[in-house]
Amino acid sequence: MDSWEASVEARIRAAQEQGEFDNLPGMGKPIPGSGQPYDESWWIKSFLEREKIPTDLLLPTPLRLRRRIEQLPDDVRDLPTEESVRAFIADLNAQIVSWLRTPIGPRVSVRPVSADNVVRGWRSEREAVASFPAPAPSAPSAPSRRRGWLPSWRRRTV
């Protein structure tokens, strides 16, 4: 084992003398994470950051459901019809009821959402947006002529 280590050290020394380790990418830059306390889940955090995965997916089911209930007004704001809002709420309520039947995870109170209350809020928001005056239409601009569609060598000079 000692002769193997000695040969490796000799090769490293020879490479250093030849300058093979000079101008490597990242040379002179600090090592990421140095100076911070050791974190056992560093690789998970770096993977989530690198792949831009939302951290909501790591939450237990009841907390994820609570977060969806909190974000419900934003989620239904752009839905076009009342039926689509009710379908969205029905899907969410089905997930909530499924979790209530077999609760897994921390005990957090999660209740089904009232579709009528959400639809009422959705309607009032739509009416508030519709009550704003529409911007005045601008004067139509003159149609632009299509110029220069032929290559320069094909244009005729007059």
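These legends describe close-up views of a predicted model.

**Figure 1. The whole chain is helical in its secondary-structure elements, with six helices and zero strands.** Along the sequence the pattern reads α-α-α-α-α-α. The chain has 158 residues, of which 12% count as buried. Its accessible surface comes to about 14100 Å². Carbon and sulfur atoms hold 55% of that surface. Among contacts with a separation of 6 or more, 56% join residues 24 or more positions apart.

**Figure 2. A nonpolar patch lies on the surface and includes Val-8.** The patch is formed by Trp-4, Val-8, Ile-12, Phe-21, Leu-24 and Met-27. Together these residues offer about 590 Å² of accessible area. Val-8 sits in helix H1, which covers residues 2-18. Its relative accessibility is 32%, so Val-8 counts as partly exposed.

**Figure 3. Helix H5 spans residues 82-101 and matches its expected length.** The helix has 20 residues. At 1.5 Å a residue, H5 should span 28 Å. The C-alpha atoms at its ends are 28 Å apart, which agrees.

**Figure 4. The buried residues of H5 line one face of the helix.** Val-85, Ile-89, Leu-92, Asn-93, Ile-96 and Trp-99 are buried in H5. Seen down the helix axis, these buried residues fall within an arc of 115 degrees, and therefore they line one face. The cover over them includes helix H3 (61-70), helix H4 (72-76) and helix H6 (115-131). On the face turned away from the buried side, H5 carries the exposed residues Glu-83 and Arg-101.

**Figure 5. Asn-93 is a buried residue of helix H5.** Which class does Asn-93 fall into, buried or exposed? Its relative accessible area is 16%, so Asn-93 is buried, the cut-off being under 20%. Asn-93 is in contact with Pro-112 and Val-113, leaving aside neighbours within four places in sequence. The residue itself lies in helix H5.

**Figure 6. Lys-45 and Asp-39 meet in a salt bridge.** The structure holds eight salt bridges. Side chains of opposite charge can pair when their charged atoms come close. For Lys-45 and Asp-39, the N to O distance is 2.6 Å. Lys-45 is found in helix H2. With a relative accessible area of 48%, Lys-45 is partly exposed. Asp-39 is also partly exposed, at 27% relative accessibility.

**Figure 7. Lys-45 and Thr-55 are set apart by ten residues in sequence.** In space, their C-alpha atoms are 9.5 Å apart. The Lys-45 end of this pair belongs to helix H2.

**Figure 8. A salt bridge joins the side chains of Arg-67 and Asp-56.** What parts of the chain does this pair link? Arg-67 is in helix H3, and Asp-56 is in the loop between helix H2 (42-51) and H3. The two residues are eleven residues apart, and the pair links distant parts of the chain. The N to O distance is 2.4 Å. Arg-67 has 32% relative accessibility, so it counts as partly exposed. Asp-56 counts as partly exposed too, at 24%.

**Figure 9. Arg-86 and Glu-82 form a salt bridge within helix H5.** The closest N and O atoms of this pair are 3.1 Å apart. Arg-86 and Glu-82 are four residues apart in H5, so about one helical turn separates them. Arg-86 is partly exposed, with a relative accessible area of 32%. Glu-82 is partly exposed as well, and its value is 21%.

**Figure 10. Four charged side chains are linked in a network of salt bridges.** Which residues take part in the network? They are Glu-82, Arg-86, Asp-116 and Arg-123. Glu-82 and Arg-86 belong to helix H5. Asp-116 and Arg-123 fall within the residue range of helix H6 (115-131). That helix is also among the elements that cover the buried residues of H5.

Definitions and conventions:
Residues numbered from 1 in each chain as written. Predicted model: local features only at pLDDT ≥ 70, side-chain atom pairs only at ≥ 80, totals over all residues. Heavy atoms only, no water. Patch = residues over 30% accessible without salt bridge, like charges linked within 9 Å, V, L, I, M, F, W, Y side chains within 5 Å. Areas by Shrake-Rupley, 256 points an atom, 1.4 Å probe, with all protein chains shown as cover. Buried < 20%, exposed > 50% of the residue type's maximum accessible area, 1.4 Å probe, protein only. Contact = heavy atoms within 4.5 Å. Expected span 1.5 Å × (residues − 1). Arc of directions from axis to C-beta.
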